[in-house]
Amino acid sequence: MGGILPCLDCATISTCRGLQPNFWIDITHPGHLLDAPTGWTAEVDAILGVPAGKLPRSVSSFIRFVHPDDLGHVIQIMAQAMARREPYRVSYRLFQDDGDVIFVRENTIVDCDQDGQPVRLIGNLRDITAQVQTWIALRDQPIPDE
């Protein structure tokens, strides 16, 4: 039976930053992580721009949506978190099914067994495109003279 590690000062991801989990990855699966059993909610399907349940639930199905310029960084952050048994937070770009690029933020915890070995990742994926676009618009505004 896994026990969710504290996420900073929180007991579970649902209380950490007020987010409800919307995906999980079983990292005890023998073989390559890309083939690991994975689950996600219709909320993640909507973020990806696909009909609910259309995609096979696997890491390889999901990562084909990750922008290639961001994929290495995302994998590095995930690997470090699993090795350290620490939660992680990473923002990156996804291609939606129609080709549009969006920005997402992933907050994930490493769930460990009684021996402290990672058994699954449990996380929340949110579309932050509107916030990023606002930040870019504000960043590009000239500073008014006094």
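Me: Which elements of this predicted model each supply at least two residues of the lining of the largest pocket?

Reply: They are β2 (23-26), β3 (38-40), α2 (59-63), α3 (68-84) and β4, where helices are DSSP runs of H or I with at least four residues and strands are runs of E with at least two, numbered from the N terminus. Among these contributors, α3 gives the largest share of the lining, namely five residues.

Me: What makes a residue part of the lining of the largest pocket?

Reply: A lining residue has an atom within 4 Å of a point of the pocket, which is an open set of points on a 1 Å grid over the protein atoms alone, where a 1.4 Å probe fits and protein stands on both sides within 12 Å along at least five of seven lines. In this model 21 residues line the largest pocket, and Ile25, Val59, Phe62, Ile63 and Met78 are the ones nearest its centre.

Me: How do you know which class of residue prevails in that lining?

Reply: The lining has 18 nonpolar residues, two polar and one charged, with Ala, Val, Leu, Ile, Met, Phe, Trp, Tyr, Cys and Pro counted as nonpolar, Asp, Glu, Lys and Arg as charged, and the others, Gly among them, as polar. The nonpolar class therefore prevails, at 18 residues against two and one.

Me: Why is Arg85 called buried, partly exposed or exposed?

Reply: Arg85 has a relative accessible area of 29%, so it is called partly exposed, since buried means under 20%, exposed over 50%, and partly exposed in between (1.4 Å probe, protein chains only). Arg85 sits in the loop between α3 and β4, and its phi is positive, about 60 degrees, although it is not a glycine. Most residues other than glycine have a negative phi. Over the whole protein chain of 146 residues, buried residues make up 38%.

Me: How do you know where the pLDDT of the elements is lowest and highest?

Reply: pLDDT is the predictor's confidence in each residue, from 0 to 100, and its mean is lowest in strand β1 (residues 3-4), at 38, and highest in strand β4 (residues 88-95), at 96. The protein chain averages 84, and 86% of the residues score at least 70, whereas pLDDT stays under 50 over residues 1-16. Where pLDDT is low, the predicted coordinates should not be read in detail.

Residues are numbered from 1 along each chain as its sequence is written, and side-chain values use heavy atoms, leaving out hydrogens and water. Because this is a predicted model, local features need pLDDT of at least 70 and side-chain atom pairs count only at pLDDT 80 or more, while totals for chains, interfaces and linings use all residues.

How values were computed. Contact = heavy atoms within 4.5 Å.
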